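Work through these exercises with the model open beside you. Try each task before you read its solution.

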Amino acid sequence: MGVLSGKVVVIDPGHNGGNAEHPEIVNKKVDVITKKKPCDTTGTETDDGYAEHAFNWDVAQRLTEALESQGAEVVLTRDGDDGVGPCITDRAATANDIDADAAVSIHADGGSSDGHGFHIMEPVRIKGHNDKVVKPSHKLAVAIRDAYEEGTGLPPADYIGEDGLNPRDDMGGLNLTTVPKVMVECGNMRHSGDAEKLSDGDFRQRIADSIATGLTTYLAAPAV
Ligand SMILES: [Zn+2]
């Protein structure tokens, strides 16, 4: 039991360790309503070669533990870090099919080396698809933004979005979701200061705990 007892959260660790070796699978185009996009992508890495898919997987494990310790049921969109995919359409379906209370995708950005900080991508209305989840997703984005800034000390990104929020109509995971969902870009792997933090296990724990805090705040009062 715990404050999240009865809540179902889907965690989507972006990309996968086997994607780079299987372009024939991940480059296959899928329909995300506003455009066609590759099924999945390889993600970015730090200048020292710490891969985003490994970062995402590690944070997802820590976040799973934090949420389960509060009583949540957690479902992941992939079961390891050496597989291929799944497609972004299937990642969205994982949360939709079980009508999760919230879903969060974990990423780190590959911006220019002078860009710094985190941002949270949230859905904009795609008529007839995600209409009902735009408002709750915004509330989820704000809750995680506030907890992330306070818990990690990283600032909102100075190169993209506004005040750490970045509404998007070109992300499959956000266009296709029927549950409240955001994508967290935890920092910029191409910025040396951010990369040093993202590469540190203790800091990744702070990231996971901060995202858990934001989810808990949202799930305590999800209705808009
Ligand atoms: Zn990514």
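**Exercise 1. The sheet**

Find the order of the six strands in the open sheet, and say which strands stand at its edges.

*Solution.*
- Step 1. Know the source. This is a predicted model, where local features need pLDDT of at least 70, side-chain atom pairs count only at pLDDT 80 or more, and totals for chains, interfaces and linings use all residues. Residues are numbered from 1 along each chain as its sequence is written.
- Step 2. Know the terms. Helices (H or I, at least four residues) and strands (E, at least two) are DSSP runs, numbered from the N terminus. Two strands pair if DSSP finds at least two bridges between them.
- Step 3. Read the order. The six strands run 4-1-5-8-6-7, with mixed pairing.
- Step 4. Look at the ends. Strand 4 and strand 7 (165–168) each have a single partner strand, so one side of each has no neighbour in the sheet.
- Step 5. Check the twist. Neighbouring strands are turned by 25° against each other on average, direction ignored. Axes here are lines fitted to C-alpha atoms, for helices over the stretch in contact, and angles run from 0 to 180 degrees between N-to-C directions.

**Exercise 2. Partners inside the sheet**

In which sense does strand 5 pair with strand 1, and in which sense with strand 8? How do strand 6 and strand 8 run?

*Solution.*
- Step 1. Recall the rule. Strands of a sheet pair through backbone hydrogen bonds, either parallel or antiparallel.
- Step 2. Take strand 1 and strand 5. They are parallel, over five bridges. Val9 stands opposite Ala102 in strand 5.
- Step 3. Take strand 5 and strand 8. This pair is parallel too, over six bridges. Val104 has Val182 in strand 8 as its bridge partner.
- Step 4. Take strand 6 and strand 8. They run antiparallel and are joined by three bridges. Met121 has Met183 in strand 8 as its bridge partner.

**Exercise 3. Helices on the sheet**

Which strands does helix 4 touch, and which does helix 7 lie across?

*Solution.*
- Step 1. Define touching. Two residues are in contact if their C-beta atoms, placed from the backbone, lie within 7 Å.
- Step 2. Trace helix 4 (residues 134–152). It packs on the sheet and touches strand 5, strand 6 (119–123), strand 7 and strand 8. Its direction makes about 170° with that of strand 6.
- Step 3. Trace helix 7. It lies across strand 1, strand 5 and strand 8, at about 150° to strand 5.

**Exercise 4. What is enclosed?**

How many residues of helix 2 are buried, and how many of strand 8?

*Solution.*
- Step 1. Set the cut-offs. A residue is buried if 20 or more other C-beta atoms lie within 10 Å of its own, exposed if 12 or fewer, and partly exposed in between; C-beta atoms are placed from the backbone.
- Step 2. Count in helix 2 (residues 52–68). Twelve of its 17 residues are buried, so the rest of the structure largely encloses helix 2. Among them are Phe55, Trp57 and Leu63.
- Step 3. Find what they pack against. The list includes strand 1 (8–13), strand 5 (102–109) and helix 7 (201–220).
- Step 4. Count in strand 8. Eight of the eight residues are buried, so strand 8 is largely enclosed as well.
- Step 5. Find the core. The largest nonpolar core has 54 residues. Such a core is a set of buried Ala, Val, Leu, Ile, Met, Phe, Trp, Tyr and Cys residues joined through C-beta atoms within 7 Å. Leu215 is one of those with the most contacts inside it. Leaving out residues up to four places away in sequence, Leu215 touches Val9, Leu67, Ala102, Val104 and Ile144.

**Exercise 5. Backbone exceptions**

Which peptide bond is cis, and where do Ile33 and Asp99 lie?

*Solution.*
- Step 1. Recall the norm. Most residues other than glycine have a negative phi, and most peptide bonds are trans.
- Step 2. Find the cis bond. It runs from Gly85 to Pro86, with omega near 5°. Pro86 is in the loop between strand 4 and helix 3 (88–97).
- Step 3. Take Ile33. Its phi is positive, near 80°. Ile33 lies in the loop between strand 2 (29–31) and strand 3 (36–38).
- Step 4. Take Asp99. Its phi is positive, near 50°. Asp99 sits in the loop between helix 3 and strand 5. With 9 other C-beta atoms within 10 Å, Asp99 is exposed.
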